[in-house]
Amino acid sequence: MYKGNVYALEDITLDIEKGEFAFLVGPSGSGKTTFIKLLIKEEEPTSGQIYIADANINQLRKWKVPYLRRKIGCVFQDFKLLPHKTVFQNVAYAMEVTGKSHRLIEQQVPEVLKLVGLGHKLDAFPDELSGGEQQRVAIARAFINRPPILLADEPTGNVDPSLGAGIVRLLEKINSTGTTVIVATHDKAIVDNFRKRVIALENGRIIRDQDRGVYGYE
Amino acid sequence: MNKAKYFAAETWASLRKNIILAVAAIAVVAVSLGILGLVVMGWNMFSNMIKNAERKVGEVDIYLSDLTSAEELQTIEAFLVSIPEVDAKSVYYKSKDEALAEFKERFKDQPELWEYIDENPLPNSYELMTKDPKDVGMVVGRIGNEAPYRERIEDIKSASSAIEKLENIFDKFRQIGIVAVISLAIIAILLVSVTIQVAIFARRREVGIMKLVGATNWFIRWPFILEGILEGLVGSFIAILVALSVKVWILDKLMENLHFLRLSLSSGLLLVLIPCILVGGVIIGALGSAYSLGRFLEV
């Protein structure tokens, strides 16, 4: 996939069922972020097939990619908030692209922001927020359209350890509404506490895939 | 409706945020279209002047002896009309009485020139225009060599060859004018496109994020295009103001004071020029932004 013969991911075969909650673990550079980028077609695989809801996304037409991305909420490692938009506008943007009505946006955005504990910061700009707060805005945006799939790349990486568990609990809550959740993390404490399916990557390969697993690296 | 309101709000917010670049883009449109307008007006003035000059250059006067009979006149006139290079409708017989009346009118401020004339010294004459001023020499030669009753023709007068040379220079001017207008239009599009590209480059990260959140290319494009159109419109308004004030303060004064040059603007020119500048500004803005965006939408 990248320069030379070094592949970010190699020989990955796995199924993730609808409604599942899975941790994708491994040290940095093991391929977690690439895994997520492949699912939203931010990157293309050099070989192999990726199916989402029984559709092969490799063959997805270019103009349909935005519609795929609307079905997959994604919390990016670097948040990817729009710097010139307020917290409210950032979350609202994800609804605006789908053509939702102004009335619905006015009603749902504050609701979801309250859910992530930011009901009082609607008009703040991203650079006025702490890392943890930005992370929660990113989660609110990923979740606002109630996507069937939610991907989170290191959602606890930038927050106080005490808040990390709160964020995963939030993701768990979202999972309980039927959303498939995949969390990439190298936060051992979180993985060990929540006892979910653990897919462990190392140097781009799956070295372990177990239900109710633990982090497992030392 | 919902979307239109959203796009309008986005455009406005983006313009306010990138006010310096927006001003730069507007200035570029204004300057290029303003110069374009001036060039077109100047060009039009020049070509009108040339047309006036040509009207004179194409003129041939044939002076006739007073002994010429009515039949001879008819034969000569038929010959003149039959020359293919001659504009048949322009062939005009001017009697000596008419010539004197014209003379008196032209020098009515100096009556001493004609007050004491007993007998009309002016000849009867034919006046004609060639279809193309270039053919004057040829027509003069043909009349001199082939006309019937040549002994009745006392003199043939036409514009000198110096004016013909002037005509060639004007021809070059016209070609330069066309090249100048086309190059200016291209430069304007390039400059706007570069300016908007800078604006978009500053926001490429935002564009990337928008795509990752599920925005379609058109959803991202519209505010940028509206921004370009708005900048183009404002720029062309300024260009029109500049062109109009140059016309009122400079060109009109020139025409008044240098009326012997017969400077003039074609009457419908501004009615065509103003909408052209407006449409040009809109197209330049829209194309400039749409073109610049293409590269950043590949996410």
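Okay, let's start at a single pair: I206(A), sitting in strand 8 of chain A, is the bridge partner of L201(A). Before I go on, keep in mind that this is a predicted model.

So, the strands around that pair. Strand 7 of chain A and strand 8, residues 205-210, run antiparallel and are joined by five bridges. They make a hairpin with two residues between the strands, and N203(A) there takes a positive phi near 45°. Strand 7, residues 197-202, also pairs with strand 1 of chain A, residues 21-25, and that pairing is parallel, with four bridges. If you want a spot to click on, A22(A) stands opposite R197(A) of strand 7.

Staying in chain A, on to the helices. Helix 5, residues 131-143, and helix 6, residues 161-176, have axes that come within 12 Å and cross at roughly 5°. With angles under 35 degrees counted as roughly parallel, these two helices of chain A are therefore roughly parallel to each other. Who makes the contact? From helix 5 you've got G132(A), Q135(A), I139(A) and F143(A), and from helix 6 there are L163(A), I167(A), L170(A) and I174(A). Sort those by class and you get six nonpolar, two polar and no charged residues.

Now over to chain B, which has an open sheet of four strands. The order is 2-3-1-4, and the pairing is antiparallel. Strand 2, residues 86-94, and strand 4, residues 153-158, are the edges, so to speak, each pairing on one side only. Ignoring direction, neighbouring strands in this sheet are turned by 20° against each other on average. Packed on the sheet is helix 5 of chain B, residues 136-146, which touches strands 1, 2, 3 and 4, and its direction makes about 175° with that of strand 4.

Looking inside that sheet, strand 1 of chain B, residues 59-64, runs antiparallel to strand 3, residues 124-130, and six bridges join them. One facing pair to look for is Y63(B), opposite S125(B) in strand 3.

Last stop, where the chains meet. How many residues of each chain are in contact with the other? It's 18 from chain A and 13 from chain B. On the chain A side, helix 2, residues 65-71, and helix 3, residues 87-96, each supply at least two of the residues that touch chain B. And the make-up of that side of chain A is mixed: seven nonpolar, five polar and six charged.

That's my tour, happy to scroll back to any of it.

Technical notes:
Residues are numbered from 1 along each chain as its sequence is written. Chains are lettered from A and ligands numbered from 1 in the order in which they are written. This is a predicted model: local features need pLDDT of at least 70, side-chain atom pairs count only at pLDDT 80 or more; totals for chains, interfaces and linings use all residues. Two residues are in contact if their C-beta atoms, placed from the backbone, lie within 7 Å. Ala, Val, Leu, Ile, Met, Phe, Trp, Tyr, Cys and Pro count as nonpolar, Asp, Glu, Lys and Arg as charged, and the others, Gly among them, as polar. Axes are lines fitted to C-alpha atoms, for helices over the stretch in contact, and angles run from 0 to 180 degrees between N-to-C directions. Angles under 35 degrees count as roughly parallel, over 145 as roughly antiparallel, 65 to 115 as roughly perpendicular and the rest as oblique. Two strands pair if DSSP finds at least two bridges between them.
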